[in-house]
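I wanted to work through this structure one element at a time and write down what I looked up. My entries follow in the order in which I made them.

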Amino acid sequence: MALPPQLPPADDLYLTAHDTIRGKSLLSPATLGLGLGAALLGELMLWRRIDLAETELLVIDERPTGDAATTALLEQIRREAGQHGVRNWIAYLSTGIATDLVERRLARGGLIKRQEKRGLLGTKISMVPADSMTAGWPATRLRTKVSRDEQLDVADLLLAGLILATGLDQHVLATLNARDRARLFDQFRRVFPAMLQQLVAHAEAAVGDAVMARRA
């Protein structure tokens, strides 16, 4: 049986953050949005369309990426160059924009589908996985590679970093032992580009701020 393909990091993060059967989110909407916003920015960095200089996003290549979600985001960053720092972009995308972009991309690919459920209070609309194996594959792939001490590519290191930044590791990486986690962090140190490390750090800080705001 052929294994599911590796998706863009934001798509993989979305699937990892949802129940593989019912599509119920394991994260709050705000935390999910922060993770997906950072993931979309990370995709543009992987595509070599933007760079991160301290806290500023710089467009280094204006060409479309071939993907509607990241191309739309790239154009907006280009139009508003110099007006917002990376944390502001992550916060802006977390307001539902990133989640909507990623859900549309997954739906176009047939990986999630719209489900309507009628109840006494009206119709509830949700997005559910089209296939539970495909939905669970990103987390399974990470756990398997780390436990076997296999090298993750940069896209999977970005996914793993954002899983940790959002606290999603409590759900999907709980089976990793101390040695496995040490191997993962060693890969972060040796292989993960500094620019993406900074992006993940900004995402983690944004998640922390959001948690503190909810508790205040």
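**Helix 4**

I noted at the outset that this is a predicted model, and I began with helix 4, residues 86-93, where I found Val86, Trp89, Ile90 and Leu93 to be the buried residues. They span an arc of only 100 degrees around the axis, and therefore sit on the same side of helix 4. This fits the general rule that an α-helix has 3.6 residues a turn, so residues three or four places apart point the same way. I then asked which elements the buried residues of helix 4 pack against. The partners are helix 2 (29-46), strand 1 (50-53), strand 2 (56-59), helix 3 (68-79), helix 5 (97-108) and helix 10 (194-215).

**The nonpolar core**

I looked next at the largest nonpolar core, which has 61 residues, and found that Leu41, Leu57, Ile90 and Leu199 touch the most other members. Helix 2 gives the most to this core, contributing nine residues. For Leu57 I listed the contacts, leaving out residues up to four places away in sequence, and obtained Leu41, Met45, Ile50, Asp51, Leu52, Ile77, Val86 and Trp89. Two of the names in that list, Val86 and Trp89, I had already entered among the buried residues of helix 4.

**The hairpin**

I turned to the strands and saw that strand 1 and strand 2 pair in the antiparallel sense, over four bridges. Asp51 stands opposite Leu58 of strand 2. The two strands form a hairpin with two residues between them, and in the turn I noted that Glu54 has a positive phi of about 60 degrees.

**Helix 3**

I checked two residues here, and my question for each was whether it is buried, partly exposed or exposed. Glu75, which is found in helix 3, has a relative accessibility of 30% and so counts as partly exposed. Its C-alpha atom is separated by 8.5 Å from that of Pro64, eleven residues apart along the chain. Gln76 also lies in helix 3, but at 15% relative accessibility it counts as buried, because the cut-off for buried is under 20%. With residues up to four places away in sequence not counted, Gln76 touches Trp89 and Tyr92.

**Helix 6 and its two crossings**

I computed how helix 1 (residues 9-16) packs on helix 6 (residues 132-147), and found an angle of about 100 degrees with the axes 8 Å apart. Helix 1 is therefore roughly perpendicular to helix 6. On the helix 1 side the contact is made by Asp12, Leu15 and Thr16, and on the helix 6 side by Thr134, Ala135, Pro138, Ala139 and Arg141.

For helix 6 and helix 7 (residues 154-165), I found that the axes come within 11 Å and cross at roughly 100 degrees. This makes helix 6 roughly perpendicular to helix 7. Here Pro138, Arg141, Leu142 and Lys145 of helix 6 meet Asp156, Leu159, Ala160 and Ile163 of helix 7. I noticed that Pro138 and Arg141 are named in the contact with helix 1 and again in the contact with helix 7.

**Leu184**

My last entry concerns Leu184, which lies in helix 9, residues 178-191. Its relative accessible area is 3%, so Leu184 is buried. Leaving aside neighbours within four places in sequence, I found Leu184 in contact with Val146, Leu152, Leu157, Ala160 and Leu164. I also looked up Lys24, 160 residues apart from Leu184 along the chain, and the C-alpha atoms of the two are separated by 27 Å.

Conventions. Residues are numbered from 1 along each chain as its sequence is written. This is a predicted model: local features need pLDDT of at least 70, side-chain atom pairs count only at pLDDT 80 or more; totals for chains, interfaces and linings use all residues. Side-chain values use heavy atoms; hydrogens and water are left out. Buried means under 20% relative accessible area, exposed over 50%, partly exposed in between (1.4 Å probe, protein chains only). The arc is that of the directions from the helix axis to the C-beta atoms. Contact means heavy atoms within 4.5 Å. A nonpolar core is a set of buried Ala, Val, Leu, Ile, Met, Phe, Trp, Tyr and Cys residues joined through side-chain atoms within 4.5 Å. Two strands pair if DSSP finds at least two bridges between them. Axes are lines fitted to C-alpha atoms, for helices over the stretch in contact, and angles run from 0 to 180 degrees between N-to-C directions. Angles under 35 degrees count as roughly parallel, over 145 as roughly antiparallel, 65 to 115 as roughly perpendicular and the rest as oblique.
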